[in-house]
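Me: Please take a close look at one part of this structure and explain, step by step, how it is built and what it touches. Which details should a first-year student follow?

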Amino acid sequence: MVTPVLVEARGITKRFGPRTVLEDVDLDVHEGETVVIIGASGSGKTTFLRCLNRLETPETGQVRIADVTLGRRSDGRPADERELSQQRRLFGFVFQRFNLFPHLTAMQNVALGPRRVLGVRRAEAEARAVHELTRLGLAEHVGKRPGQLSGGQQQRVAIARALAMDPRVILFDEPTSALDPELVQEVLDAMRALAGEGMTMVVVTHEMRFARSVAHRAVFMADGRIVEQGVPNDLFGAPRDERLRRFLRHLEPHHDR
Amino acid sequence: MAQDGGALRRVLAGLILAFLVLPAFVVFPVSLTPNRYLSLPSGGVSWQHWQTLFTDPVWLSGIRESVLIASLSTALALAAGTACAIGCWRLGSRLTDMVRSAMILPLMIPTIVYALGIYRFYVELDLIGTMLGVILAHAVTGLPYVVLTVTASLANLDPALERAARSLGASVPQTLTRVIVPNIIPGILSGGIFAFIHSWDELIIVIFIGGRELFTLPQLIWDGINENLDPAIAAVASALILFTLAVLLVELGLRRRRQFRAARDT
């Protein structure tokens, strides 16, 4: 893409005890770009995504978004937990299992962040919540609790919740993997629409058709590294790395949508 | 269920229930006796002993002390117990299972053993005969109820919710007050109610630590029975039972509402 770089991850390394989950991973994401990350389970995709917004703290490496370095103040000194919370909200995050707050309605789920973190007034936060939910086709569900919604609806509420914080990038962690097959499409359609509006997105997914038709770039991870990347059709059409070839052989016949 | 066995079973169940409940409720008629000694009312009913309860300065101060001690010790037990349960839930390792088990200990150690130990300890701290001493001791013995009920409500809560809150830029205190606590409020309330009742009718620790300076309602009853047989004791006992029942009914009502909500939501 010709737009400027928005997110720049450099040398991200993450260990859990003796196990190295990520090793020296670099990734640039451009403004308005949709990047899809694929890879077998255990390849470090989810951990990498969490290192981007510091839900996990990497051992080494840095993430810059716009002119902010996560975990650092503008004068270069380490940020405290409160400042990191402020920086973290530049990223929206959509979880595999939705993680909606069960005690709140859809509208309250979306309004909570703007109200308590951004300090927006209640009426305004609720108006923003209704606006985001309507945009995701959930206008008649604003007053329902997560338990009353289908998985697809819950995941769309989760997307609305991320959007309401006005993030620069949204990170999606296998957003359709926990859904019944008939509910997958509504979530993918919502994501497709977002990408179309120019939202910058990093998506960990196994939905190859989504990757082909929406993503500007696909990144293949294996053993905690980025092994290969490129335009999705090229990457999937002519994989060079043997691990990627094996991964695609296993994936495509079952999961292609 | 078989019809013929049903009647017998119901009578048996009724008898057992009566056996359990009647000894407690015998104080109600006794409290209405017109006589000046403990007896079942004969030849009339009188509210004079209830009147004593709410006018006599000794009983009134007993009520005050009991309420104060129970409230403050419950507040302490709630704060410490909830924090402990949430901490164990977030860490979720084998070590925290041990911590939780240790928290239940005050429930399993005989109170008199515990009171003895705390007495020796309090002598050094100069807490004997103080309200603070009893409040602290009751907070510790009330702790297991809070840890148990809060842990039970946390079992249904997904630890990933914390991650969700953080992803929205919430600080740790915000995550605690806006996300975690609202989801476990029923457990916190139940724990508080049990801790309150525990302190409300606790006698042994009060006798050991309160000495001759503190007189809670249970201790006044105990002294009254040993010294004179004033039927006001029956009135106090009735009041204790009624109050405890009221608190338990509140707990039951809260649980009903919760189940109703859960049923509606699924």
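Reply: Over residues 7-248 of chain A, the chain is 38% helix and 25% strand, and the C-alpha atoms at the two ends lie 27 Å apart. Here helices (DSSP runs of H or I, at least four residues) and strands (runs of E, at least two) are numbered from the N terminus. An unreviewed UniProt entry places the feature "domain: ABC transporter" at these residues, 7-248 of chain A; UniProt positions follow the numbering used here, feature names are shortened, and annotations may be inferred rather than shown by experiment.

The model is predicted, so that local features need pLDDT of at least 70 and side-chain atom pairs count only at pLDDT 80 or more, while totals for chains, interfaces and linings use all residues; side-chain values use heavy atoms, with hydrogens and water left out. Residues are numbered from 1 along each chain as its sequence is written, and chains are lettered from A and ligands numbered from 1 in the order in which they are written.

One sheet in chain A is open and has four strands in the order β2-β1-β4-β5, with antiparallel pairing. Two strands count as paired if DSSP finds at least two bridges between them. At the edges stand β2 (19-30) and β5 (68-69) of chain A; each has a single partner strand, so one side of each is left without a neighbour in the sheet. Strands of a sheet pair through backbone hydrogen bonds, either parallel or antiparallel.

Strand β1 (residues 5-16) of chain A joins strand β4 (residues 60-65) of chain A in the antiparallel sense, over five bridges. In this pairing A:Val7 stands opposite A:Ile65 of β4(A). Helix α1(A) packs on this sheet, touching β1, β2 and β4 of chain A, and its direction makes about 120 degrees with that of β1(A). Contact means heavy atoms within 4.5 Å; axes are lines fitted to C-alpha atoms, for helices over the stretch in contact, and angles run from 0 to 180 degrees between N-to-C directions.

A:Ala9 stands opposite A:Val63 in β4(A). On to β5(A): this strand pairs with β4(A) in the antiparallel sense over two bridges, and A:Arg64 stands opposite A:Thr69 in β5(A). The hairpin of β4(A) and β5(A) has two residues between the strands, and in it A:Ala66 takes a positive phi near 50 degrees.

Another open sheet in chain A consists of six strands in the order β6-β7-β8-β3-β9-β10, with mixed pairing. Its edges are β6 (91-94) and β10 (225-230) of chain A; each has a single partner strand, so one side of each has no neighbour in the sheet. From one strand to the next, the twist averages 20 degrees. Helix α1 (residues 45-52) of chain A packs on this sheet as well, touching β3 (34-38), β6, β7, β8 (200-204) and β9 (217-222) of chain A, and its direction makes about 155 degrees with that of β7(A).

At one edge, β6(A) pairs in the parallel sense with strand β7 (residues 169-173) of chain A over four bridges. There, A:Phe93 stands opposite A:Leu171 in β7(A). Helix α5 (residues 151-164) of chain A lies across β6 and β7 of chain A and runs at about 170 degrees to β6(A).

What does chain A share with chain B? The contact takes 23 residues from chain A and 22 residues from chain B. Between these chains about 2100 Å² is buried, of which carbon and sulfur atoms give 57%. In chain A, the residues that lose the most area to chain B are A:Phe101, A:His103 and A:Arg116, which together account for 24% of what that side buries. Buried area is the accessible area (1.4 Å probe) that two parts lose on being put together, summed over both.

Across this interface of chain A and chain B there are four residue pairs in polar contact, both residues being at pLDDT 80 or more. The elements that give two or more residues to the side of chain A touching chain B are α2 (81-88), β6 and α3 (106-116) of chain A. A polar contact is a pair of N or O atoms within 3.5 Å; within protein, one must be able to donate a hydrogen and the other to accept it, and residues adjacent in sequence count only if both atoms are side-chain atoms.

The partner, chain B, has twelve helices and zero strands.
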